[in-house]
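Reader: I would like to learn how to read a fold from its local features. Where should we start?

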Amino acid sequence: ETKLLQEQINPHFLYNTLDTIVWLAEDRQYKAVVSMVTSLSGFFRSTLSSGKDFITVREEENHIESYLKIQQVRYQDIMEYQIEMEPETLDIMIPKLLLQPLVENAVKHGICQKGEGSGTVILTVKACPDCYEVIVSDDGVGFVPGTEASGEGTHVGIRNVRQRLDLMCHAILEVQSEPGKGTTVTIRIPKEVGA
């Protein structure tokens, strides 16, 4: 079941990225092509590696940064990102590809739907007394809380992560959102799971 949930992640990502690489090559932006291909290679290296259900936060950070670098080239006029991780959290173990759907939602359904102006996706990982907090936030369009479970397809990432957290580590996922102001998804992983 966990593998099936992982396979739901972003089926059109490769096609969109390759289209962007072709456009950059035709425009002779060769440094951007090299950056995109390197990021795409890193992204799929971590996505397709097998044998591990849990990886370190450091490994997940590398995967997410590859994804965000690609999206920043695709949406260079509207998207920025920040990654903020406390050093003591880098070696904790979390389910593999846990954050990809949440970050993807923040980009696609938060920032890219704004219409005007740019937005920022922020990934934060910090240690609390009894848990590790993983926070994905954006200042995009937001939504009415509760509709992420409506089955309409725009919040598949949230449902996917909820199911995986329940299956793999009994962590808590909370969603806060407000139309026009953005969304914050917070995961609290018990320290005995992440250790």
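Author: Start at the end of a helix. Just after α2, R28 takes a positive phi of about 60°. Keep in mind that this is a predicted model.

Reader: Where does R28 sit?

Author: R28 lies in the loop between α2 (13-26) and α3 (30-48). Its phi is positive, and R28 is a residue other than glycine.

Reader: Is R28 buried or exposed?

Author: The cut-off for exposed is over 50% relative accessible area. R28 counts as exposed because its relative accessibility is 63%.

Reader: Which other residue that is not a glycine has a positive phi?

Author: H170 has one, at about 50°. Its place is the loop between α6 (156-168) and β6 (172-178). H170 is exposed too, with a relative accessible area of 61%.

Reader: Back to α2. How do I check its length against expectation?

Author: Compare the span with the expected value at 1.5 Å a residue. α2 has 14 residues and reaches 20 Å from first C-alpha to last, close to the expected 20 Å.

Reader: Which residues of α2 are buried?

Author: They are F13, T17, T20, I21 and L24. These five cover an arc of only 100° around the axis, so they lie on the same side of α2. Y15, D19 and E26 are exposed on the other side.

Reader: How many residues of α5 are buried?

Author: Ten of its twelve, so read this helix as mostly covered, given that buried means under 20% relative accessible area. Among the buried residues of α5 are L102, V103, A106, V107 and I111. Polar ones are listed as well, including Q100, E104 and N105.

Reader: What is the span of α5?

Author: Helix α5 (residues 100-111) reaches 15 Å from its first C-alpha to its last. That is close to the 16 Å expected at 1.5 Å a residue.

Reader: Now the strands. Which pattern does the chain follow along the sequence?

Author: Read it as α-α-α-β-α-β-β-α-β-β-α-β-β-α. That gives seven helices and seven strands.

Reader: The order alone does not give the pairing. How does strand β2 (residues 79-85) pair with strand β4 (residues 119-127)?

Author: Look at direction and bridges. β2 and β4 run parallel and are joined by seven bridges. For a landmark, Q82 stands opposite I122 in β4.

Reader: Which way do β4 and strand β5 (residues 131-138) run, parallel or antiparallel?

Author: Antiparallel, with seven bridges between them. T124 has I135 in β5 as its bridge partner. The two strands form a hairpin, with three residues between them.

Reader: What pairs with β5 over eight bridges?

Author: β7 does, in the antiparallel sense. In this pairing, Y132 stands opposite I189 in β7.

Reader: How many bridges join β6 and β7?

Author: Seven, and the pairing is antiparallel. L173 has I187 in β7 as its bridge partner. β6 and β7 form a hairpin with three residues between the strands, where G180 takes a positive phi near 85°.

Reader: Why is β7 described as largely enclosed by the rest of the structure?

Author: Because seven of its nine residues are buried. One general point helps when you inspect any strand. In a regular strand, side chains alternate between the two faces of the sheet.

Reader: Let us take one residue of that strand. Is T183 buried or exposed?

Author: T183 belongs to strand β7 (residues 182-190). It is buried, at a relative accessible area of 10%.

Reader: Which side chain makes a polar contact with the side chain of T183?

Author: That of S177, at 2.8 Å. Leaving out residues up to four places away in sequence, T183 also touches V136, S137, D138, G142, F143, V175 and Q176, along with S177.

Reader: And the chain as a whole? What share of its residues is buried?

Author: The share is 47% of the 195 residues. Then consider sequence separation. Of the contacts between residues at least 6 apart in sequence, 71% join residues at least 24 apart.

Reader: What does the accessible surface of the chain come to?

Author: About 10000 Å², with 51% belonging to carbon and sulfur atoms.

Note on methods: Residues are numbered from 1 along each chain as its sequence is written. This is a predicted model: local features need pLDDT of at least 70, side-chain atom pairs count only at pLDDT 80 or more; totals for chains, interfaces and linings use all residues. Side-chain values use heavy atoms; hydrogens and water are left out. Helices (H or I, at least four residues) and strands (E, at least two) are DSSP runs, numbered from the N terminus. Buried means under 20% relative accessible area, exposed over 50%, partly exposed in between (1.4 Å probe, protein chains only). Contact means heavy atoms within 4.5 Å. Accessible areas come from the Shrake-Rupley method with a 1.4 Å probe; for residues, only the protein chains shown count as cover. A polar contact is a pair of N or O atoms within 3.5 Å; within protein, one must be able to donate a hydrogen and the other to accept it, and residues adjacent in sequence count only if both atoms are side-chain atoms. Two strands pair if DSSP finds at least two bridges between them. The expected span of a helix is 1.5 Å times one less than its number of residues. The arc is that of the directions from the helix axis to the C-beta atoms.
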